[in-house]
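Here are a few short exercises to work through with the model open beside you. Try each task on your own before reading the solution.

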Amino acid sequence: MKTVLCYGDSNTYGYDPETGMRFPRNVRWTGRLQSLLGEEYMVIEEGCNGRTTVFDDPLEGWKNGRDYLKACLNSHKPVDIVIMMLGSNDLKEVFHASSGEIAAGAEVLVQDILSFTRIKQGRVPEIILTAPPEIGEGIIHSAFYGHFLENAVERSKGLASGYREVADRNGCIYVNAAEYVQASPVDSLHLSPEGHKRLAEVFCDVIRGLGHRQ
């Protein structure tokens, strides 16, 4: 059985933009991915609302994605595949981060995964580095407006190219979620059930194709 660790933020957690609660497991892309992959894989959900790449939230500092990453990898080892989809929360106004700085934060995490697993489990996992969905144009009408301003829309569009470069430099598989899914118009941040379904299909295809790399 192969272990697939899904490390992300609220769109990995399964935040429901309609209710503010959590989608059921069979709606979340992680749960759908488990169903698609079947018993040969174990899909582990490690999504946290508000998680960043490397930035400390001034009010909730425990949401820095780097702080928990190594403990998470160690808890679930041996890990065969890591799907990492972070960066949306780095677009919050409080961080003043450019697209390039956010991609650099993602690269720090990628390199942490590579170095830590090489030591702790004797081999590195396949890393599927995923540029997150873009912030929707309707963010000005979102309940999250203020945390995210209009400038977050354009910066979110700039993440894809930076993440691709990081993936190329570090031997990762690259996925641009924005090519397949869009944020729900309800809050311009989170995926709808249809978005979760599509993302699960995309990741399933990528994972099934890994046999050609080995």
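**Exercise 1. A serine and its neighbours**

Task: Find what Ser184 touches, leaving out residues up to four places away in sequence, and decide whether Ser184 is buried or exposed.

Solution: Keep in mind that this is a predicted model.
- Step 1: With residues up to four places away in sequence set aside, Ser184 is in contact with Pro17, Leu189, His190 and Ser192.
- Step 2: Ser184 sits in the loop between β5 (173–176) and α7.
- Step 3: Buried means under 20% relative accessible area. Ser184 has a relative accessibility of 6%, so this serine counts as buried.

**Exercise 2. The faces of a helix**

Task: Work out which residues of α3 are buried, and what they pack against.

Solution:
- Step 1: Start with the helix itself. α3 covers residues 65–76, twelve residues in all, and its first and last C-alpha atoms are 16 Å apart, close to the 16 Å expected at 1.5 Å a residue.
- Step 2: The buried residues of α3 are Gly65, Leu69, Cys72 and Leu73. Looking down the axis of α3, these buried residues fall within an arc of 95°, so they line one face of the helix.
- Step 3: On the other side of α3 you will find Asp67 and Ser75, which are exposed.
- Step 4: The partners of the buried residues of α3 are β1 (2–8), β2 (41–47), β3 (81–85) and α4 (99–120).
- Step 5: Finally, look at the N-terminal end of α3, which is capped by Asn64: one of its side-chain oxygens lies 2.8 Å from the backbone nitrogen of Arg66.

**Exercise 3. A strand and its partners**

Task: Describe how β1 pairs with β2 and with β3.

Solution:
- Step 1: β1 and β2 run parallel to each other, paired over seven bridges. In this pairing, Gly8 is opposite Gly47 of β2.
- Step 2: β1 also pairs with β3 in the parallel sense, over five bridges. Here Tyr7 is opposite Met84 of β3.
- Step 3: Now check the surroundings. Six of the seven residues of β1 are buried, so this strand is largely enclosed by the rest of the structure.

**Exercise 4. Looking for disulfides**

Task: How many disulfides does the whole structure have?

Solution:
- Step 1: A disulfide is a covalent bond between the sulfur atoms of two cysteines. The cut-off for the search is a pair of cysteine sulfur atoms within 2.5 Å.
- Step 2: Take Cys48. Its closest cysteine sulfur belongs to Cys72 and is 11 Å away, too far for a bond.
- Step 3: Cys204 is in no disulfide either, as the nearest cysteine sulfur, that of Cys6, is 12 Å away.
- Step 4: The search of the whole structure gives zero disulfides.
- Step 5: For accessibility, Cys48 is buried at a relative accessible area of 16%, and Cys204 is buried at 9%.

**Exercise 5. From one helix to another**

Task: Which residues of α2 are buried, and which residues does Arg208 touch?

Solution:
- Step 1: In α2 (residues 29–37), the buried residues are Trp29, Thr30, Gly31, Leu33, Gln34 and Leu37. They pack against β1, α1 (10–13), β2, β3 and α7.
- Step 2: Just after α2 comes Gly38, with a positive phi near 85°.
- Step 3: Arg208 belongs to helix α7 (residues 193–208). Not counting residues up to four places away in sequence, Arg208 touches Leu36, Leu37, Glu40 and Tyr41.
- Step 4: With a relative accessibility of 41%, Arg208 counts as partly exposed.

Notes: Residues are numbered from 1 along each chain as its sequence is written. This is a predicted model: local features need pLDDT of at least 70, side-chain atom pairs count only at pLDDT 80 or more; totals for chains, interfaces and linings use all residues. Side-chain values use heavy atoms; hydrogens and water are left out. Helices (H or I, at least four residues) and strands (E, at least two) are DSSP runs, numbered from the N terminus. The expected span of a helix is 1.5 Å times one less than its number of residues. Buried means under 20% relative accessible area, exposed over 50%, partly exposed in between (1.4 Å probe, protein chains only). The arc is that of the directions from the helix axis to the C-beta atoms. Contact means heavy atoms within 4.5 Å. A polar contact is a pair of N or O atoms within 3.5 Å; within protein, one must be able to donate a hydrogen and the other to accept it, and residues adjacent in sequence count only if both atoms are side-chain atoms. Two strands pair if DSSP finds at least two bridges between them.
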